[in-house]
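Hi everyone, thanks for making time. I'd like to walk you through a structure that's probably new to most of you, so have a look at it on the screen first.

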Amino acid sequence: MNDFSQRQRFDFYVDALNRDDMEGVAACYAPDLHMTDDQVDLRSGEAAMAFHRRFASRLELLNYVDRPGRIAAEIRWTLRAREHPTDPLATGETRTWASFTMIDIADGRFKRIRSAPCRAAP
Amino acid sequence: MTQPSTSPADAATAFARYIAAFNAGDFETACSYYADDIRLTIGNGRELRGRSEIVSFYTGVRSVTRRTITVLDCFASETLLAAELESEFLAVTDVPDFTSGPMRQGDRMYINSFAFYDIDQGRFSRIRATVFRRVWKRHADRI
């Protein structure tokens, strides 16, 4: 992953999630990743991967800007629940929303992902 | 310089000036950063259109709270600036209908927000803010 530019790394991540390439997604995450928004608070790369295994993700990138070590992106997310007995979404049910997401990168991997739901039109 | 620069390298400096004007209640300076058709969406989704509506809204906010915005981070391209902000609101009177929820005099609220600023010909044409975290510190809790 270190041979990638920051933008390439991010595009790879979005593409991997959209292709359901779990190995590719996992390669983007630091072991001590902290991923949080108003719904989830996941404290490791492993916990984030467990989340991805419960929901199929579709990401549409609406805006992007970065500086070394940090990405800011506007993303439209669609999650579709896979079969899982304890999830609030029924199997196959989808939820779509837009967010402003800040991603901190260290040593070529995502270390912190923070998302806030965006109520404004894209 | 009273307008945002078109150079990403200068954007942070210009943005700091804009926020300083906003904190000081210097809306004439703050508005000089806006395009004529500025649209500003606050964290709860309400959209303010045009300089006068923005000034009217924040004049109202300033009449009942002391608000201080701190820029935690800011970076930009030619067309988009992203910022992480912390806003502190201190209620100077009871505000039962405050936009984020009722406040009593002395209450403080902190909002950690992410905001995107669209840049068109060196001015902000659209501002959209999202709330990442909201923390209340009630006056009664500190007594």
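Before I start, one bit of vocabulary: I'll call a residue buried if 20 or more other C-beta atoms lie within 10 Å of its own, with the C-beta atoms placed from the backbone. Also keep in mind that this is a predicted model.

Okay, chain A. By that count, 24% of its 122 residues are buried. What does the chain look like along the sequence? Chain A has 3 helices and 6 strands, and they come in the pattern α-α-β-β-α-β-β-β-β. Its radius of gyration is 14 Å, close to the 14 Å that the globule rule gives for 122 residues, so chain A is as compact as a globular protein of that length. If you want a box around it, the C-alpha atoms fill roughly 40 × 35 × 25 Å along the principal axes.

Now, how are the strands of chain A ordered? They make an open sheet of 6 strands, β2-β1-β6-β5-β4-β3, and the pairing is mixed. At the edges you find β2 (41-42) and β3 (55-67) of chain A, each with a single partner strand, so one side of each has no neighbour in the sheet. Look at the β3 edge: β3(A) is joined to β4 (residues 70-81) of chain A by 12 bridges, and these two run antiparallel. To find the pair on screen, go to A:Ala56, which stands opposite A:Arg80 in β4(A).

Then there are helices on that sheet. Helix α1 (residues 6-18) of chain A packs on it and touches β3, β4 and β5 (94-106) of chain A, with a direction about 165 degrees from that of β3(A). Helix α3 (residues 45-54) of chain A packs on the sheet too, touching β1 (29-36), β2 and β3 of chain A, and its direction makes about 65 degrees with that of β1(A).

On to chain B. Here we have 3 helices and 6 strands, and the pattern reads α-α-β-β-α-β-β-β-β. Chain B has a radius of gyration of 15 Å, which agrees with the value near 15 Å for a compact globule of 143 residues. Buried residues make up 30% of those 143. Among contacts in chain B between residues at least 6 apart in sequence, 54% join residues at least 24 apart.

The sheet of chain B is open, with 6 strands in the order β2-β1-β6-β5-β4-β3 and mixed pairing. From one strand to the next, the twist averages 20 degrees. Inside it, β1 (residues 34-41) of chain B runs parallel to β6(B), and 4 bridges join them; B:Leu40, for example, stands opposite B:Ile127 in β6(B).

So where do the two chains meet? The contact takes 17 residues from chain B and 15 residues from chain A. On the chain B side, β6(B) gives the most, with 4 residues. That side divides into 8 nonpolar, 5 polar and 4 charged residues.

Last stop, the core. In soluble globular proteins, nonpolar side chains tend to be buried together. The largest nonpolar core here has 49 residues, and among those touching the most other members are A:Phe110, B:Phe15 and B:Leu81. Setting aside residues up to four places away in sequence, B:Leu81 touches B:Ala11, B:Phe15, B:Cys74, B:Ala76, B:Tyr117 and B:Ile119.

Technical notes:
Residues are numbered from 1 along each chain as its sequence is written. Chains are lettered from A and ligands numbered from 1 in the order in which they are written. This is a predicted model: local features need pLDDT of at least 70, side-chain atom pairs count only at pLDDT 80 or more; totals for chains, interfaces and linings use all residues. The radius of gyration is taken over C-alpha atoms; the globule rule is 2.2 Å times the number of residues to the power 0.38. A residue is buried if 20 or more other C-beta atoms lie within 10 Å of its own, exposed if 12 or fewer, and partly exposed in between; C-beta atoms are placed from the backbone. Two residues are in contact if their C-beta atoms, placed from the backbone, lie within 7 Å. Ala, Val, Leu, Ile, Met, Phe, Trp, Tyr, Cys and Pro count as nonpolar, Asp, Glu, Lys and Arg as charged, and the others, Gly among them, as polar. A nonpolar core is a set of buried Ala, Val, Leu, Ile, Met, Phe, Trp, Tyr and Cys residues joined through C-beta atoms within 7 Å. Two strands pair if DSSP finds at least two bridges between them. Axes are lines fitted to C-alpha atoms, for helices over the stretch in contact, and angles run from 0 to 180 degrees between N-to-C directions.
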